[in-house]
Amino acid sequence: MTTSSTTVAESTVNQGHADTIDRIVENVGRVIIGKDPAVRLAIVALLSRGHILVEDVPGVGKTMLARSVAITTGCDFKRVQFTPDLLPSDVTGASVYNQQIGQFEYRPGPVMAQVVLADEINRATPKTQSALLEAMGEQQVTVEGVTHPLPSPFMVIATQNPIEYEGTFPLPEAQLDRFFMRISLGYPDPSEEVAIMDGREATDPIDLLTPSCTAADIIALQQYAETLYIDELIKQYIVEIATATRSHPDTTLGVSPRASINMMKGAKAYAMLQGRDYVIPDDVKAIAVPVMSHRVLLSPSARMRGVNQSTIVNEAMEQATVPGAGGGRIPTATTN
């Protein structure tokens, strides 16, 4: 494998964009204390036009994360509590007959918001879960044959409890594949938990949160992230990791090409958070597990042995050849 021999100077993200990103991360961190890595991954998904599945136990801040992101970015926010009796029309909206004008008109559902929290998504039936598929994949919903575009930016943050499975409907592989990444917050450290208690002793920090940017700023950041440079060798590195998950002896199903595309987009956004306008292998490594692990389907024997999906992705990364490690040089920025 070869690459361009042109030597280019190291370059950084536009200062205005860098400042906006710093403000977003800092603002969300005022509410989600001590979880900077998870906050940054959420911002990576937002800048990549992706959706997040937050899988964690109750009470660790999943809902707060979604609300904080919406408030900080100046985006509209809607919450949908998924239950077994929730209907698809409760999510997408429905056509209702208006007697005054003598015709049906579309009444938007909660999905018509810029940040949508699908709380406990696995408690709804598969039919209702699938109501989000078109919205997440194509940023539109179709109700009674009429297509309605969703606002921009648009992001779904879904939550589910990995412990309690009674009365739940596991998300099908097609739906899991629509999520850009899966993250967890985990329990805070003792000192962080004391800080959380202190912050909520008299009021809730989220009530004091104000926007640090606008929805238009987020769209500009998304557009800028798409222009970041990623070398051909790093694209091949991503594909090698994806291929390794498909041939791993402990998997029934490896990651899809959509995962490779998301890895490319996510690596660009992660590089942007690091202040660079080009991607390096470490950017790929940083997002590989949250972007790929939920797309891996373990074999029955692997599940019996307690193998987890993150292990598969980490082993796939070990098998792949890191660009630059074998003598191939990666340009540090664009040449234009």
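## A walk from D177 outwards

Start by selecting D177 and R295, whose side chains are joined by a polar contact of 2.6 Å. This is a predicted model, so please read every stop on the tour in that light.

Keep D177 on screen and add R258: the side chains of D177 and R258 are also joined by a polar contact, again of 2.6 Å. Now show everything around D177. Setting aside neighbours within four places in sequence, D177 is in contact with S256, R258 and R295. To place D177 in the fold, colour by secondary structure and look at the loop between α7 (173–176) and β9 (181–183). Is D177 buried or exposed there? With a relative accessibility of 11%, D177 counts as buried, because the cut-off for buried is under 20%.

Next, jump to helix α2 and pick L41. Its relative accessibility is 15%, so L41 counts as buried too. Which residues should you light up around L41? Not counting residues up to four places away in sequence, L41 touches M181, I183, A286, I287 and P290. If you would like a distance on screen, draw a line from the C-alpha atom of L41 to that of R123: the two atoms are separated by 25 Å, and the residues are 82 apart along the chain.

Stay with α2 and bring in its partner. Select helix α1 (residues 15–29) together with helix α2 (residues 36–47); they pack with their axes 10 Å apart, at an angle of about 130°. The two helices are therefore oblique to each other, and their crossing is right-handed. For the contact itself, show side chains for I21, I24, V25 and V28 on the α1 side, then D36, V39, R40, I43 and L47 on the α2 side. Sorted by class, this contact has seven nonpolar residues, two charged ones and no polar ones.

Hold on to L47, since it leads to the next stop. Select A269 in helix α11 (residues 257–273). Leaving out neighbours within four places in sequence, A269 is in contact with V44, L47 and S48. The relative accessible area of A269 is 0%, so A269 is buried. Now add E226: it is 43 residues from A269 along the chain, and the C-alpha atoms of A269 and E226 are separated by 8.2 Å.

The last part of the tour is about the backbone. Go to the loop between β7 (146–149) and β8 (155–160), where P153 is found. Zoom in on the peptide bond from S152 to P153: this bond is cis, with omega near -5°.

Two glutamates come next, both with backbone torsions worth checking in your viewer. E144 is found in the loop between β6 (140–143) and β7. Phi of E144 is near 50°, a positive value in a residue other than glycine. Turn on the surface here: E144 has a relative accessibility of 64%, so E144 counts as exposed.

Finish at E120, in the loop between β5 (115–119) and α5 (126–129). What is phi of E120? It is near 50°, which is again positive in a residue that is not glycine. On the surface, E120 has a relative accessible area of 26%, so E120 is partly exposed.

Conventions. Residues are numbered from 1 along each chain as its sequence is written. This is a predicted model: local features need pLDDT of at least 70, side-chain atom pairs count only at pLDDT 80 or more; totals for chains, interfaces and linings use all residues. Side-chain values use heavy atoms; hydrogens and water are left out. Axes are lines fitted to C-alpha atoms, for helices over the stretch in contact, and angles run from 0 to 180 degrees between N-to-C directions. Helices (H or I, at least four residues) and strands (E, at least two) are DSSP runs, numbered from the N terminus. Angles under 35 degrees count as roughly parallel, over 145 as roughly antiparallel, 65 to 115 as roughly perpendicular and the rest as oblique. A crossing is left-handed if the near helix is turned anticlockwise from the far one by less than a right angle, and right-handed if clockwise. Contact means heavy atoms within 4.5 Å. Ala, Val, Leu, Ile, Met, Phe, Trp, Tyr, Cys and Pro count as nonpolar, Asp, Glu, Lys and Arg as charged, and the others, Gly among them, as polar. Buried means under 20% relative accessible area, exposed over 50%, partly exposed in between (1.4 Å probe, protein chains only). A polar contact is a pair of N or O atoms within 3.5 Å; within protein, one must be able to donate a hydrogen and the other to accept it, and residues adjacent in sequence count only if both atoms are side-chain atoms.
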